[in-house]
Amino acid sequence: MDRIRIVGGNKLNGTIPISGAKNAALPLMIASLLTDETLILDNVPRLADVAQLQRILGNHGLDIMSKGKRPGDHEYQGQTLHISAANIIDTTAPYELVSKMRASFWVIAPLLARMKEARVSLPGGCAIGTRPVDLLIMALEKLGAELQIDGGYVIAKAPGGLVGAEIDFPKVTVSGTHVALMAATLARGTTAINNAACEPEIVDVADCLNKMGAKISGAGTPRIVIEGVSKLHGARHTVLPDRIEAGTYAMAVAMTGGDVQLAGARPELLQSALDVLTEAGATITPNNEGIRVTRNGAGISPVKVTTAPFPGFPTDLQAQLMALMACAKGSSHITETIFENRFMHVQELARFGARISLDGETAIIDGIAKLRGAPVMATDLRASVSLVIAGLAAEGETMVNRIYHLDRGFERLEEKLSACGATIERISG
Ligand code: UD1
């Protein structure tokens, strides 16, 4: 199994290109199931999760062609996928595939909308809490689907097609909003999604669906209205930049010190995180090419942060912020409100000498002057990268084990960081 070795202590200086957003690329690829024409997606990141979803979609009979880089392309433009769902040969998404990536459960929505049936395995356990799908099922039932659970599979049918409805989510859910949005595009009549997630990735998917002929308004607000259409067509769409990747590298710079341009990052996608970084003592300068992050001399100030749905502070940056606060001059409080049990990195950060105690949903971090490198183990995607950030700032050597989590969500991580002066390498085997 691959590992990452880091020798900490170097400042980061240079440019880091920001890749396309994983959390937009996945639902956009899934949306291709809604049409028998080709959907072309640009700026798709090269990630293990994208490759896994390609296999899952291939199982349904989709034809996916990926075009390499053309001369003159910037590296961060990612890959272009041509996805054709002209022939859906199977409406079953099996356990072996869905259990490897939760988001693949979302295929239930377009399959049901277009093929009027789907049989999709329940995703099963996950390292960050129970992560149920009850609200996704509720949304599809509202749209007139008949669902039953049998042998670990959700068997969904809508023989007469889906019908527009009013869907009220009792809590903000990104997965629920994606599923309701995709299903409603081909439903008869009008659907309204209330208490919808406002995440930029939802807006990106809605933009793409509109290019495919859907009639969606209000994406990015808590009420999305969809007028159903009978058919969607092909389109071309560019995946928006990854705000979590940008925020992660911004925190790395805040922690090590230095001066880095996050090329292609869009500040409005992560304003809450940038505000927290400014409060912590980093200098954030949005410019035409992205966001410049610097921290010179001054130490890190402690902060009090609570995760929240967009535009609040993202749960996907919580672990990284905790690594940063481990070196703050004082005591920080980080409260996690989105996922239960999303504090597995606490034990691993403690291996660097970090002083963190838990009080229910709140972590109290007493900053220390210097972390010390250690062997650590990655537990989930975002927790893993918090260990990398800690390793970059720590004194001595850090070995991050089980890095397949990192490959799921961070494109060319070692390459991007070493180009800015970090001592970081992948050790294979
Ligand atoms: C997505 C993101 C993930 C991010 C999360 C929150 C993708 C591929 N993943 O995950 O990176 O951390 O949004 O921003 O886009 N819930 C229920 N019932 C449901 C569905 C969700 O109770 O049927 C709960 C969850 O357990 C969680 C909360 O709602 O406590 C939010 O989950 P949700 O927004 O749906 O997260 P994901 O879409 O799974």
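## Around the ligand

By class, nine nonpolar, four polar and five charged residues make up the shell around the ligand. Bear in mind as you explore that this is a predicted model. In total, 18 residues surround the ligand, and the closest of them are Asp134, Leu135, Ser175, Asp316 and Ile338.

Where in the chain do the shell residues come from? Domain 1 (3-18 + 241-427) and domain 2 (22-238) each supply at least three residues to the shell around the ligand.

## Polar contacts with the ligand

Three residues are good places to begin when you look at the oxygen atoms of the ligand. In Asn23, an N or O atom of the side chain is 3.0 Å from an oxygen atom of the ligand. Lys171 also takes part through its side chain, with a polar atom 3.4 Å from an oxygen atom of the ligand. Val174 uses its backbone instead: an N or O atom there lies 2.7 Å from an oxygen atom of the ligand.

How much of the ligand's accessible area does the protein cover? On its own, the ligand has 740 Å² of accessible area, and the protein covers 88% of that. Two elements give two or more residues each to the shell around the ligand, namely helix H5 (134-142) and helix H6 (174-185). H5 gives the most, with three residues.

## The sheet with S2 and S16

Now let us turn to the strands. One open sheet has four strands in the order S2-S15-S17-S16, and its pairing is mixed. Strand S2 (12-17) and strand S16 (283-287) are the edge strands; each has a single partner strand, so one side of each has no neighbour in the sheet. On average, neighbouring strands of this sheet are turned by 15 degrees against each other, direction ignored.

Within this order, strand S15 (residues 258-263) pairs with strand S17 (residues 290-295) in the antiparallel sense, over six bridges. To find your way into this pair, look for Gly258, which stands opposite Arg295 in S17.

## The sheet with S4 and S14

Another open sheet of four strands follows the order S4-S5-S3-S14, again with mixed pairing. Which strands stand at the edges of this sheet? They are strand S4 (63-67) and strand S14 (235-238); because each has a single partner strand, one side of each is left without a neighbour in the sheet. The neighbouring strands here are turned by 15 degrees against each other on average, direction ignored.

S4 and strand S5 (residues 79-84) run antiparallel and are joined by five bridges. In this pair, Ser66 stands opposite Leu81 in S5.

## Two backbone details in loops

Two loops deserve a look for their backbone geometry. The peptide bond that joins Phe310 and Pro311 is cis, with an omega of about 10 degrees. Pro311 sits in the loop between strand S18 (304-306) and helix H10 (318-325).

The other detail concerns Lys116, a residue other than glycine that has a positive phi, near 70 degrees. You will find Lys116 in the loop between helix H4 (108-115) and strand S7 (117-121).

How values were computed:
Residues numbered from 1 in each chain as written. Predicted model: local features only at pLDDT ≥ 70, side-chain atom pairs only at ≥ 80, totals over all residues. Heavy atoms only, no water. Near = heavy atom within 4 Å. Polar contact = N/O pair within 3.5 Å; in protein donor to acceptor, adjacent residues only side chain to side chain. Areas by Shrake-Rupley, 256 points an atom, 1.4 Å probe, with all protein chains shown as cover. Nonpolar A, V, L, I, M, F, W, Y, C, P; charged D, E, K, R; others polar. Domains from an automatic or database assignment. Pairing = 2+ DSSP bridges. Axes fitted to C-alpha atoms, helices over the stretch in contact; angles between N-to-C directions.
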